[in-house]
Number of protein chains: 2
Amino acid sequence: MASTAEVLARHVAHRTLPPDDPEPGHDAKLEGYRRSIDNIDAALIHILAERFRITQQVGEHKARNGLPAADPGRERRQIERLRCLASEADLDPEFSEKFIRFVIEEVIRHHERERATGAADS
Amino acid sequence: MASTAEVLARHVAHRTLPPDDPEPGHDAKLEGYRRSIDNIDAALIHILAERFRITQQVGEHKARNGLPAADPGRERRQIERLRCLASEADLDPEFSEKFIRFVIEEVIRHHERERATGAADS
């Protein structure tokens with residue numbers, strides 16, 4: 001029969017992973033990083049979903065009021081501001097610019113679709 | 001001399017914007033949407049900065065252990081998971097896939113640079 005110490009050791013082994021996982025091919029360190037990345041990606045998707053909920057309202061508002069889908073002045077200010085925020089957060093400003101251009105292009109596509117649908121309805 | 005009521009009215013006028021701004025060319029509704037978008041964009045930039053802090057550690061870990069920069073199986077699982085999360089959040093799954101591919105490509109570029117720098121140092 002197993003001693004109390006042995007039972008306890010087994011119990012602890014099931015609840016906590018050893019620092020270096022002995023299982024061949026398993027990389028506990030990489031696994032830990034990936035869990036954090038997966039959490040962050042879920043947050044990004046939900047924040048992007050909320051951004052598109054707002055830009056959809058912007059699209060409807062613009063279509064209703066005959067405003068152009070794109071606003072180059074506003075885009076320049078957004079890009080400049082995000083480059084500054086990125087620098088402060090130690091994120092490559094070039095990447096932040098590519099990222100926001102990528103998002104804005106998608107939004108403009110949505111706005112143009114919104115306008116086309118509105119015109120078809122009227 | 002202004003009456004107390006007049007002073008109070010002026011004070012209130014300075015502190016709160018009327019629902020429909022009478023200033024020509026000013027669109028209070030659009031302005032409100034844009035403030036929300038700017039807050040969301042600042043959040044996205046900071047979350048992306050944190051994601052790259054983690055993937056930089058992944059890159060160093062991979063370079064140290066001779067692991068390949070890209071992992072197609074992992075990428076497929078990430079894309080599939082984020083498409084599901086996007087659908088649940090009413091975000092276009094196609095856009096979520098384009099978005100995560102865009103981020104992953106940038107990460108792989110970083111990993112390859114990391115490896116090249118590591119090789120140059122050794």
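What follows is a walk through how the two chains of this predicted model meet.

Let's start with the relation between the copies. Lay chain A on chain B and you get an RMSD of 0.0 Å, using a turn of 180° and a shift of 0.0 Å along the axis. The two copies are therefore related as by a two-fold rotation axis. Both copies also use the same surface, since 100% of the contact residues of chain A recur in chain B. If you want to find the axis in the viewer, look for Leu44(A): of the residues of chain A, this one comes closest to the rotation axis, with its C-alpha at 3.3 Å.

Now for the contact itself. Chain A puts in 36 residues, and chain B puts in 36 residues as well. On the chain A side, the elements that give two or more residues are helix H2 (28-65), helix H3 (72-88) and helix H4 (93-121). H2(A) has the largest share of that side, with 23 residues. By class, the residues of chain A that touch chain B come out as 23 nonpolar, 7 polar and 6 charged.

With H2(A) giving the largest share, its partners in chain B are a good place to look next. Two packed helices are described by the angle between their axes and the distance between the axes. For H2(A) and helix H2 (residues 28-64) of chain B, the angle is about 165° and the axes are 9 Å apart. Angles over 145 degrees count as roughly antiparallel, so that is how H2(A) runs relative to H2(B). Their crossing is left-handed. Sort the residues of this helix pair by class and you find 18 nonpolar, 8 polar and 6 charged.

H2(A) also packs against helix H3 (residues 72-88) of chain B. Here the axes come within 10 Å and cross at roughly 35°, and the crossing is right-handed. From H2(A), the residues making the contact are Asp41(A), Ala42(A), Ile45(A) and Ala49(A), and from H3(B) they are Gln78(B), Leu82(B), Leu85(B) and Ala86(B). That gives 6 nonpolar, 1 polar and 1 charged residues for the pair.

Swap the chains and look at H3(A) with H2(B). These two helices pack at an angle of about 35°, with axes 10 Å apart, and H3(A) passes H2(B) in a right-handed crossing. On the H3(A) side you will see Gln78(A), Leu82(A), Leu85(A) and Ala86(A), which meet Asp41(B), Ala42(B), Ile45(B) and Ala49(B) of H2(B). The class count for this contact is 6 nonpolar, 1 polar and 1 charged residues.

Finally, a look inside a single chain. The domain assignment splits chain A into domain 1 (1-67) and domain 2 (69-122). How many residues of domain 1 are in contact with domain 2 within chain A? There are 6 from domain 1, and they are in contact with 7 from domain 2. The domain 1 side of that contact has 1 nonpolar, 3 polar and 2 charged residues. Set beside it, the side of chain A that touches chain B has 23 nonpolar, 7 polar and 6 charged residues.

Definitions and conventions:
Residues are numbered from 1 along each chain as its sequence is written. Chains are lettered from A and ligands numbered from 1 in the order in which they are written. This is a predicted model: local features need pLDDT of at least 70, side-chain atom pairs count only at pLDDT 80 or more; totals for chains, interfaces and linings use all residues. Two residues are in contact if their C-beta atoms, placed from the backbone, lie within 7 Å. Helices (H or I, at least four residues) and strands (E, at least two) are DSSP runs, numbered from the N terminus. Ala, Val, Leu, Ile, Met, Phe, Trp, Tyr, Cys and Pro count as nonpolar, Asp, Glu, Lys and Arg as charged, and the others, Gly among them, as polar. Domain bounds come from an automatic or database domain assignment. Copies are superposed by least squares on the C-alpha atoms of residues with pLDDT of at least 70 in both. Axes are lines fitted to C-alpha atoms, for helices over the stretch in contact, and angles run from 0 to 180 degrees between N-to-C directions. Angles under 35 degrees count as roughly parallel, over 145 as roughly antiparallel, 65 to 115 as roughly perpendicular and the rest as oblique. A crossing is left-handed if the near helix is turned anticlockwise from the far one by less than a right angle, and right-handed if clockwise.
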